[in-house]
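Please look at the model below before reading on. A biologist puts questions to a modeller about it.

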Amino acid sequence: MPQMPKDIVKGGKEALSLKNNDLFVQKGYINGAWVDADNKSTFPVHNKATQTEIGSVPNMGKAETKKAIDSANEAYKEWSQTTGKHRQDLLTKLFNALQENTEDLAKIITVENGKPLAESKGELAYSNGFIEWFAAEATRTYGKTIPAPLPNVRNVTIRQPVGVCALITPWNFPAAMITRKLAPALAAGCTAVIKAPAETPYTSLAITKLAEQVGFPKGVINVITCAKGENEAAVGKELCENSIVRKLSFTGSTRVGKLLMNQCSNSLKKLSFELGGNAPFIVFGDADLDKAVEGALACKFRGAGQTCICANRIFVHDSVYDEFASKLAARVDKFKVGNGLEEGIQLGPLVNEAGRDKVADHVKRSKEAGAEVLVGGKAGEGLFYEPTVLANIPEHAPMDDEETFGPLAALYRFKTEEEVLAKVNASPVGLAGYFYSGDVARCFRVAERLEVGMVGINAAIISQNVVPFGGIKESGFGREGGPGGIDEYMVDKLMVFGV
Ligand code: SIN
């Protein structure tokens, strides 16, 4: 049985012990000032493991968002005229400051998100990598000369920043989802208004504090904090509908992505959407099973299963199904679950009640339809849920229609490559997919046919700062990170010279 925490939910207030207390900021950031909501209202943020209140941040709305947009617009006038070298130097200073404060930042992530400390440090390496990468990219925004078909014409393109950017980020990677958007925006010469996730606002505020300390001018970065519900909807709407904002980058659910896209239509903003997925993880009969088990563990249980690219359905070939299932179950059975600040914890809690209840619902409905519980299958204290392995998933299960976004490994059985590809490609979303096979021809064939934006072939951890991250179909469009990541924040201008 996985080791679950006991008597962990304490209630009351909790002091976050940091070496650099400046990093724990409980205000929004507009036009270079740390500010409250206009009406002074706040909302609490909790430690997800203990459910203790960490502190509170301003519950801002439309009016504060408008001020943040105006401030970004004012700052854009000068920031967009700085040299790429200047922006590179500032981003490099931010990278160094983030690296120096890794211990504290990791603690903040673990406390407000729930992931184990080692994972938080891993996230920071990934996250800081975006700053480092785009610092370098700031000086490489090359234009083109394009030979003209006429003798008296010369064509030149230059690349310019798109303008004020709205960045809406989720709670599952409180640092990386911000830096993946903010770093290319700043490198390109854009200014930004960030809507911090309500569940994990402190990481974004800490990153912004360091950006302020290293010298980013006022108005270049602005952060709005708001509670879920009415204010969150009003902030999102203002970011989408305000015509000063020229670009929206959003990571979140497909449902919300569609809503935001509608709201952006009047001002026709440039958009990047990294939306939900339903990642298949396929183990063929010719796979190295031990490697596939390791891959499935990493891919499924990272962040307690709360990443958009987590394996949602694990398809195993009939010939190796029983062996794979028993190996995977044996490993999950040994998981140590608990407060991520404690040594040796491999899995933390879910981020909120809705997340935990969704896992419970998927387990319940799958069991009712005939699935067998190999490990776990029960809620723990507070926001914890036992890491679970379900076998013999029936023909129709809830995971076919939506992401569990939790620590549930659902094992489907298949007999042919055609059959599994048809089932996987029937999904309306296509973010990431994974498969394990020892057959080179199959590796090419399946990788090409999988309808996803990213494929792991005998590889389960595909996230890196240097690669284009993004999906197809209803998983959205646009690519983040890597070569081309800065393009999302730039526009080409054509200059045709008559000579
Ligand atoms: C996500 O879950 O949206 C991002 C995952 C990643 O970057 O690894």
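What follows is a short exchange on domains, their contact and the nonpolar cores.

Biologist: What should I know about the model and its numbering?
Modeller: Residues are numbered from 1 along each chain as its sequence is written. The model is predicted: local features need pLDDT of at least 70, side-chain atom pairs count only at pLDDT 80 or more, and totals for chains, interfaces and linings use all residues.

Biologist: How many Å separate the centres of domain 1 and domain 2?
Modeller: The bounds come from an automatic or database domain assignment, which gives domain 1 as 21–275 + 476–495 and domain 2 as 279–466. Taken over C-alpha atoms, the separation of the two centres is 31 Å.

Biologist: Which element gives the largest share of the side of domain 1 that touches domain 2?
Modeller: The contact (C-beta atoms, placed from the backbone, within 7 Å) takes 22 residues from domain 1 and 21 residues from domain 2. Helices here are DSSP runs of H or I, at least four residues, numbered from the N terminus. Those giving two or more residues to this side of domain 1 are H3 (102–113) and H4 (117–137). The largest share, six residues, comes from H4.

Biologist: Which helix gives the most to the largest nonpolar core?
Modeller: A core is a set of buried Ala, Val, Leu, Ile, Met, Phe, Trp, Tyr and Cys residues joined through C-beta atoms within 7 Å, where buried means 20 or more other C-beta atoms within 10 Å of the residue's own, C-beta atoms being placed from the backbone. The largest core has 81 residues, and Leu 91, Phe 134, Ala 192 and Val 193 touch the most other members. With nine residues, the top contributor is helix H5 (residues 176–188).

Key:
Contact = placed C-beta atoms within 7 Å. Buried ≥ 20, exposed ≤ 12 C-beta atoms within 10 Å, placed from the backbone.
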